[in-house]
Amino acid sequence: MPEALSPLREPRFRLLFFAQAASVVGDNVSPIAIAFAVLGLTGSATDLGLVLAARSLPMLLLVVPAGALADRYGRSRVVIASDIVSLASQGGLAALFLAGQAHLWQVILLQVIYGSAAALFLPASSGLVPETVSAERLQQANALRYLTIGAATVVGPALGGVLVETAGSGSALAIDAATFAISASLLSRLGSLGVTRAEARSSFLSELAAGWREVRARAWVWVSILDFAAFQLFTYGCFQVLGPLVASRSLGGASSWGTVVAAYGLGAVLGSAIALRVQPKRPLAAAFLASLAFSPALALLGFPAPLPPLALGWAVAGIGIGLGNVLWETTLQERIPPELRSRVSAYDWLGSLAVRPLGFLVAGPLAAALGVDVTLWLAAGGLAAATALTLSVPSVRRLGRSGPNTEPPG
């Protein structure tokens, strides 16, 4: 086995890897299905924003308590519980669409349930990886995880576009539900990982506060979290709400949009593959520089550019996110004490999730007021400005590889 794949030699990581590989394919089918199902029901980008916000709001409200639950009761247990709830919510939504009985309020309600399950999953899964693989293979393990995520964004949207046009949204969502069952089955073989010893536990509120103190004590952590919030505001609301609308009006519909999203996923695969072998001396600076690729991608969507250059632009953005995600998550896992990893990861996710519903909710109305093109161009400029501010912070720009005395002050 090549050295880049060496984390797969470790049995626990292998189970985690294949569980994720199963579920992320379905996760990348469902956004295509839901987007075009909602547009088919109401024809409104604002309604699509409401559905996406309904999934995001419970994640925002529950992700911090979920991090403390994962550190206290075991990350593998929490991830399995998340898979089971996700199976029920996405399976129910699939049944409604297959029966032709779906209404907007039902879609919103089931996405609230799905978002609650995702809140359990996010901090638990981030903290789980170091429990399944040796320290020297941690970046490679994260790169392999993100490589599968990127690969799924190639296969999933393409499959989703075909299923939507041939079999309908219900079939696509049924596939997503089945992948959660596969994931839960594999993860059940991990046993209990990352459980805090009972005698060492303090109150639940104290555990939440300990996670916050860890974030506040490290400038590079909280500055990065603020940047991720800006990224969510400027990027994902426009991409997920306005992107399908642009595709419907100018690019030929679901298949064309599936091609763009698949190109983005292909770029993420390449970015993660780069992270298997490349270890920058300044990992956070490299991660934030890579994220600048999203600005021209958003601008291309605003014109809109023809499909080939648009897909290429989003492929380059995918490279940036694939590399950046691996560098950030590895840095966080290496430098945060093991007993606090899920709690700190929860605050990390909170920074991203706090403004994601706002991005979803305002993208449609802003596009209606200013025009789709102007909204996308403003987002591109705002993202570039936010990244420049982040890189001006010394502790972000100078942070080196993990090791003694490698964390810059301030």
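Visitor: Which backbone oxygen does the side chain of S126 reach, and at what distance?

Guide: In this predicted model, S126 has its place in helix α4, which runs over residues 104–132. With a relative accessible area of 9%, S126 falls under the 20% cut-off and is therefore buried. The oxygen that its side chain reaches belongs to the backbone of L122, at 3.2 Å.

Visitor: Which side chain is joined to that of S126 by a polar contact?

Guide: Leaving aside residues up to four places away in sequence, S126 touches E329, Q333, S345 and W349. Among these, the residue whose side chain is joined to that of S126 by a polar contact, at 3.5 Å, is W349.

Visitor: Is S89 buried or exposed?

Guide: S89 lies in helix α3, residues 75–98, and it touches L110, I113 and Y114 when residues up to four places away in sequence are not counted. Its relative accessibility is 2%, and because anything under 20% counts as such, S89 is buried.

Visitor: How many helices and how many strands does the protein have, and what is its radius of gyration?

Guide: The protein has 15 helices and 0 strands. For 410 residues the globule rule gives 22 Å, and the computed value is close to this, so the protein is as compact as a globular protein of that length. Its C-alpha trace spans about 55 × 45 × 45 Å along the principal axes. The radius of gyration is 20 Å.

Visitor: What percentage of the residues is buried?

Guide: Of the contacts with a separation of 6 or more, 87% are made by residues 24 or more positions apart. As for burial, the share of the 410 residues that counts as buried is 60%.

Visitor: Which helix supplies the largest share of the largest nonpolar core?

Guide: The largest nonpolar core has 58 residues, and those with the most contacts inside it are F36, W257, F294, L298 and W314. The largest share of this core, 10 residues, comes from residues 219–251, that is, from helix α8.

Visitor: How many residues are in the second, separate core?

Guide: This second core is separate from the one described above, and its members include V78, I80, L187 and A287. The number of residues in it is 30.

Visitor: Why are the buried residues of α7 on the same side of the helix, and what arc do they cover?

Guide: Helix α7 comprises residues 204–216, and its 13 residues reach 19 Å from the first C-alpha to the last, close to the 18 Å expected at 1.5 Å a residue. Its buried residues are E207, L208, A210, G211, E214 and V215. They lie on the same side of α7 because the arc that they cover around the axis is only 155°.

Visitor: Which exposed residues does the other face of α7 carry?

Guide: The buried residues of α7 pack against α2 (45–73), α8 and α13 (341–370). W212, which also has its place in α7, counts as partly exposed at 40% relative accessibility. The face turned away from the buried side carries the exposed residues L205 and R216.

Visitor: Which helices do the buried residues of α6 pack against?

Guide: Helix α6 has 19 residues, 169–187, which should span 27 Å at 1.5 Å a residue, and the 28 Å between its end C-alpha atoms agrees with that. Its buried residues include G170, L173, A177, F180 and L187. The helices that the buried residues of α6 pack against are α1, α3, α4 and α5.

Visitor: Which two residues does a cis peptide bond join, and what is omega there?

Guide: P304 lies in the loop between α11 (294–302) and α12 (307–335). The cis peptide bond joins F303 and P304, with omega at about -15°.

Visitor: What distance separates the C-alpha atoms of F18 and G302?

Guide: F18 has its place in helix α1, residues 11–42, and at 44% relative accessibility it counts as partly exposed. F18 and G302 are 284 residues apart along the chain, and the distance that separates their C-alpha atoms is 37 Å.

Technical notes
Residues numbered from 1 in each chain as written. Predicted model: local features only at pLDDT ≥ 70, side-chain atom pairs only at ≥ 80, totals over all residues. Heavy atoms only, no water. Helix = DSSP H or I, 4+ residues; strand = E, 2+ residues; numbered from the N terminus. Buried < 20%, exposed > 50% of the residue type's maximum accessible area, 1.4 Å probe, protein only. Polar contact = N/O pair within 3.5 Å; in protein donor to acceptor, adjacent residues only side chain to side chain. Contact = heavy atoms within 4.5 Å. Core = buried A, V, L, I, M, F, W, Y, C linked by side-chain atoms within 4.5 Å. Expected span 1.5 Å × (residues − 1). Arc of directions from axis to C-beta. Rg over C-alpha atoms; globule rule 2.2 N^0.38 Å.
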